[in-house]
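Thanks for asking me to look this one over. My notes follow as numbered points, so you can keep the model open beside them.

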Amino acid sequence: MDREGGSLSGTPGQLHAIVAGAGIGGLTAALALARQGWRITVLERAPVIEEVGAGLQLAPNATSILEKLGVLDRLMLHATTPEALQIRRARDGSELVRMPLGPIADLRWKAPYVVVHRADLQRTLIEALAQEPAVTIKTGASVLGFASSANGVQVGGKMSNINVRYEGDLLIAADGVRSVLRERLGLGPQDKPVYSGRTAWRAVLDARSAPAHAVRLQTNLWVGPKAHLVHYPLRQGSVVNVVAITEDEWKGDDDKDFWAVHGDPAQVSRRFSGWHRDARDLVGAVTEWRRWPLFDRNPVTRWSTDRVILLGDAAHPMLPFLASGAAMAIEDAMALAQADAAHRGDMRATIAAYEKGRIARAATVASASRRQGWIYHLSGMAGFARDAAMRRMGPERLMARMDWLYLPRQ
Ligand SMILES: Cc1cc2nc3c(=O)[nH]c(=O)nc-3n(C[C@H](O)[C@H](O)[C@H](O)COP(=O)(O)OP(=O)(O)OC[C@H]3O[C@@H](n4cnc5c(N)ncnc54)[C@H](O)[C@@H]3O)c2cc1C
């Protein structure tokens, strides 16, 4: 049994947070707390932190926080700023609405709207953490459980088949949508991730293989019957991120790492065969899809027990139809740091303030995301009505409808 101490192993009085999961949520929380003097141990199950995932849209509510943490400038070396969001109709490719982004978004929402590869964001956060002397990241370290009391938390896990135990002042469970730590929070038998009936087919395509329309510096959303398609160029236009979302039945593969599951290009192409040529050409250009079944979970009213808190997808998995899951994880991290600043050392008050600031917000965004997916997939007369409403709305009203989500809160 490998043992590591809690706050006693740092400088005297230094608080120690153990973070389970080196995803966007875990790393941002680690950075935000390290900046406030915490000692941090991040435990990541994967043996190496490698290029997992695809593109992320990061709205101003997230980039404003990355700016406060001093990592936005570095991220911008890898990020791309789309000039607009264009929404098109699947059948004939006609434009329903075009919302300006770029400098207009920056002005309205006080921070940039960017797209970035998840791996570039993860690497940027890790580079920032490397500058923090009190932060340790351990890979190949699976967290399995904890024993928590009002005085501290003991965290148990495995590293290279050896049992390990850590002691700390706080455990941040940022272990993703299928969080094992959430299972131990006693949130009831109904609290399970449920397959949403939708699958995201994800691809990152070399821009040289993509049709010319897909390389334009904008974010594209296509809406159609029981499916939608999102694409945008990434990494200075060298690749194109493509996400095709379909309604389907999916059974099994529960234990598989999603990113490891390949999709059949012919099957995806068939699904989009009735769509406008631009959409068909893009989908047809992809030779390697990853199948990503989308899970949903009903919101809960508690994200903690004693010295353990949930953060990111572990706390609030959400369907990606408002492109906001990572942004919510980043907001969680900043809210936690602010709660810590306000109640320094009083863990009960810190956790209560964190939950108060976050549970309702995340539930609202998750519910709006669900609704958005339903709207995108309407067909027949309902689809016709949606298209007419989008055309009538126009860019200014569409921007105004996003204020509640995109305006920086912290
Ligand atoms: C198709 C699709 C498109 C999306 N697009 C966007 C978008 O445009 N914008 C946006 O903001 N969000 C988007 N999201 C959502 C976003 O990807 C997630 O919300 C975000 O990555 C969640 O981050 P996280 O850190 O909470 O979890 P994760 O990124 O899942 O990280 C969890 C980490 O914990 C590790 N782990 C798991 N179990 C253990 C354990 N027991 N012990 C130790 N480590 C463990 C995992 O290996 C992983 O590294 C999208 C999601 C999908 C599926």
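1. Let me start with a question: does R108 count as buried, partly exposed or exposed, and at what relative accessibility? R108 counts as partly exposed, because its relative accessibility is 24%, which lies between the 20% limit for buried and the 50% limit for exposed. Please keep in mind throughout that this is a predicted model.

2. R108 takes part in a salt bridge with E396, where the closest N and O atoms are 3.1 Å apart. The two ends come from distant parts of the chain: R108 belongs to helix α4 (residues 102-109) and E396 to helix α11, with their positions 288 residues apart in the numbering. E396 has a relative accessible area of 51%, so it is exposed.

3. R108 also meets the side chain of D403 in a salt bridge, at 2.9 Å from N to O. Since R108 sits in helix α4 and D403 in helix α11, this pair ties together parts that are 295 residues apart in sequence. D403 counts as partly exposed, because its relative accessibility is 21%.

4. Elsewhere, R182, E183, D191, K192 and R297 are joined into one network by salt bridges that share partners. A search of the whole structure finds 25 salt bridges. One of them is formed by D387 and R89, with the closest N and O atoms 3.9 Å apart. This pair, too, links distant parts of the chain: D387 is in helix α11 and R89 in strand β5 (residues 84-89), 298 residues apart. Are these two partners buried or exposed? Both D387 and R89 are buried.

5. Helix α11 deserves a second look for its charges. R371, R392, R397 and R401 gather on the surface in a patch of positive charge. Helix α11, which covers residues 380-406, gives the most to this patch, with three residues. R397 has its place in helix α11, and this arginine is exposed because its relative accessible area is 52%, over the 50% limit.

6. For contrast, turn to another arginine, R290, in strand β18 (residues 289-296). R290 counts as buried because its relative accessibility is 18%, under the 20% limit. The C-alpha atoms of R290 and G53 are separated by 9.3 Å, although the two residues are 237 apart along the chain.

7. Helix α2 (residues 60-68) is largely enclosed by the rest of the structure, because seven of its nine residues are buried. Which residues are buried in α2? They are P60, N61, A62, T63, S64, I65 and L66. After α2 comes G70, which has a positive phi, near 75°.

8. Now to the strands. An open sheet of six strands, with mixed pairing, follows the order β8-β3-β2-β12-β20-β19. Why is one side of β8 and of β19 left without a neighbour in the sheet? Both β8 (135-139) and β19 (304-305) stand at the edges and have a single partner strand each, so one side of each has no neighbour there. β8 pairs with strand β3 (residues 39-44) in the parallel sense over five bridges. Within this pairing, E44 has T139 in β8 as its bridge partner.

9. Strand β4 (residues 55-58) and β7 run antiparallel and are joined by four bridges. G55 stands opposite H117 in β7. Strand β7 (residues 114-117) points V114 and V116 one way and V115 and H117 the other way, and all of these are buried.

10. My last point concerns a hairpin. How many residues lie between β10 and β11? There are two, and S160 in the turn has a positive phi of about 45°. Strand β10 (residues 152-159) and strand β11 (residues 162-168) run antiparallel, joined by seven bridges. M159 stands opposite I162 in β11.

Note on methods
Residues are numbered from 1 along each chain as its sequence is written. This is a predicted model: local features need pLDDT of at least 70, side-chain atom pairs count only at pLDDT 80 or more; totals for chains, interfaces and linings use all residues. Side-chain values use heavy atoms; hydrogens and water are left out. Patches are made of residues with over 30% relative accessible area and no salt bridge: like charges are joined within 9 Å, nonpolar side chains (Val, Leu, Ile, Met, Phe, Trp, Tyr) within 5 Å. Accessible areas come from the Shrake-Rupley method with a 1.4 Å probe; for residues, only the protein chains shown count as cover. A salt bridge is a side-chain nitrogen of Lys or Arg within 4 Å of a carboxyl oxygen of Asp or Glu. Lys and Arg count as positive and Asp and Glu as negative; His and the chain ends are not counted. The place of a charge is taken as NZ of Lys, CZ of Arg, CG of Asp or CD of Glu. Buried means under 20% relative accessible area, exposed over 50%, partly exposed in between (1.4 Å probe, protein chains only). Two strands pair if DSSP finds at least two bridges between them.
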